[in-house]
Structure formats: C-alpha cells, structure tokens
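Here are a few notes to read alongside the coordinates. They are numbered so that you can take them one at a time.

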Amino acid sequence: MLLGLGLFSILATAGALAINWFGPVTEPAALSLQASEARPTLIKAGASAQFSICGSVRRTCVVDGDTFWLDGVKIRIADIDTPEIGQPQCDREYQLGMKATYRLVELLNVGPFELRTIGGRDEDRFGRKLRVVIRGGRSLGDQLVSEGLARTWSGRREPWC
C-alpha cells in the first residue's frame, strides 16, 4: 500500500513538472516585452498560453494575484497591489490573496490580452517586467479592484490586516 502511494506521488509530481516544463510555445513576437515598444504586445492567451498556479517550475503560470510568468518571463501587474500569500501578515490577507490568485488564473485564461508598459519603468527592483494587462480596452487589474481582490497601486504597499 505504501509503495503504491509513493509511486502515485512520484508520477503525480512528474506530471505536474512536465506540464509546467513543456508548457505551450508562443510566437517570438509575443515575448518582446521591452519598454521601447511602439505598440503593446498582443498575447494570444486563448491559443498559446494556458495558465495554472505556479509549481516548482515556472514558465507560464500565476504566482499570486499580481504576479505571473509568461513563457519564462516574470511579470508584475503594474497598476494594482494584491494581498500577499507568501508572507501574509494575517489569515485574512492570505485568504484574500488566494482568491485573487485563483481569479487571476481565470482572467488570464479567458482569451487574448495585451501587455502594456506604464510610465518609464520597464522592471521593478526584483527584475519583474512591469506591465498592465489589458483585454477589450479594460485593465484586468481594474477588474480585480472592482471585485475587491486588489487595490489600485499607489506607489507603496499598504497593510491588508
């Protein structure tokens, strides 16, 4: 019985790693995330990217409510702040952060979206690309704010507890 559970665990882990490791490939133009772009980058999410919650291998997945990976590029949604799930200050922050995380997975998987630069900064101090995610002329960040899962970014973190 224990051997069977161990084998199942190994196979399940290998399957999860394979999904993240061999994620879908997008067109090279979709990976151009430079601040000097004359036009926003169109990401054909419905056809080429399928997001899930990040595991140990991070290629195309969601880290938390305001950070995700797209084809190996880490992106911070620049117009919002969501509750922390990695080091929450209270249970309420963690719970709301998890809701924001799962909701971002849903929103990214709906279909095509654009990544736009905001202001003059290309990256934050952690090396994440700073982008606003737009679909149908609306910021997905604004949608998370309207649903109570995020705040409009004010330039500094505010407590959630």
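1. Let me begin in the middle of things, with a charged residue on a helix. Glu106 is partly exposed, because its relative accessible area is 45%. Its salt-bridge partner is Arg103, with the closest N and O atoms 2.9 Å apart. Arg103 is partly exposed as well, at a relative accessible area of 21%, a value just above the 20% under which a residue counts as buried. Please keep in mind that this is a predicted model.

2. How many residues separate Arg103 and Glu106 along helix α3? They are three residues apart, about one turn of the helix. In general, an α-helix has 3.6 residues a turn, so residues three or four places apart point the same way. Side chains of opposite charge can pair when their charged atoms come close.

3. Arg103 has another salt bridge, this one with Glu147, where the closest N and O atoms are 2.8 Å apart. Glu147 sits in the loop between α4 and β9 (151–152) while Arg103 belongs to helix α3, so this pair ties together parts that are 44 residues apart in sequence. Glu147 is partly exposed, with a relative accessible area of 34%.

4. Helix α3 itself is worth a geometric check. Its 19 residues, at 1.5 Å a residue, should span 27 Å, and the end C-alpha atoms are 28 Å apart, which agrees. Several of its residues are buried, among them Leu96, Met98, Leu104 and Leu108, and so are Glu93 and Thr101.

5. The nonpolar core is the next stop. The largest one has 22 residues, and the members that touch the most others are Phe51, Phe68, Leu108 and Val133. At least two residues of this core come from each of β3 (67–70), β4 (73–77), α3 (91–109), β6 (113–116) and α4 (140–146). The largest share is that of α3, with six residues.

6. Now for a buried salt bridge. Asp124 is found in the loop between β6 and β7 (129–135), and it pairs with Arg128, the closest N and O atoms being 2.6 Å apart. Are these two partners buried or exposed? Asp124 is buried because its relative accessible area is 12%, under the 20% limit. Arg128 counts as buried at 12% relative accessibility.

7. Asp124 has further partners to look at. A polar atom of its side chain lies 2.9 Å from the backbone nitrogen of Phe126. Leaving aside neighbours within four places in sequence, Asp124 is in contact with Arg76 and Leu130. In the case of Arg76, the two residues are 48 apart in sequence, and their C-alpha atoms are 8.1 Å apart in space.

8. The salt bridges also deserve a look as a group. The structure holds 12 of them. Apart from the Asp124 and Arg128 pair, bridges that share partners join Asp66, Arg76, Asp81, Glu84 and Arg157 into one network. Arg76 thus turns up in this network and among the contacts of Asp124.

9. Ser139 is a polar residue to inspect by eye. It lies in strand β8 (residues 138–139) and counts as buried, because its relative accessibility is 6%. Which side chain does the side chain of Ser139 meet in a polar contact? That partner is Asp79, at 2.5 Å. Not counting residues up to four places away in sequence, Ser139 touches Asp79, Val132, Val133 and Ile134. Val133 is also one of the core residues named above.

10. Finally, the overall picture. The protein has four helices and nine strands, and from the N terminus on the elements run α-β-α-β-β-β-β-α-β-β-β-α-β. Of its 161 residues, 41% count as buried. Among contacts with a separation of 6 or more, 59% are between residues 24 or more positions apart. The accessible surface comes to about 9,100 Å², and carbon and sulfur atoms account for 59% of that area.

Key
Residues are numbered from 1 along each chain as its sequence is written. This is a predicted model: local features need pLDDT of at least 70, side-chain atom pairs count only at pLDDT 80 or more; totals for chains, interfaces and linings use all residues. Side-chain values use heavy atoms; hydrogens and water are left out. A nonpolar core is a set of buried Ala, Val, Leu, Ile, Met, Phe, Trp, Tyr and Cys residues joined through side-chain atoms within 4.5 Å. Buried means under 20% relative accessible area, exposed over 50%, partly exposed in between (1.4 Å probe, protein chains only). Contact means heavy atoms within 4.5 Å. Accessible areas come from the Shrake-Rupley method with a 1.4 Å probe; for residues, only the protein chains shown count as cover. A salt bridge is a side-chain nitrogen of Lys or Arg within 4 Å of a carboxyl oxygen of Asp or Glu. The expected span of a helix is 1.5 Å times one less than its number of residues. A polar contact is a pair of N or O atoms within 3.5 Å; within protein, one must be able to donate a hydrogen and the other to accept it, and residues adjacent in sequence count only if both atoms are side-chain atoms.
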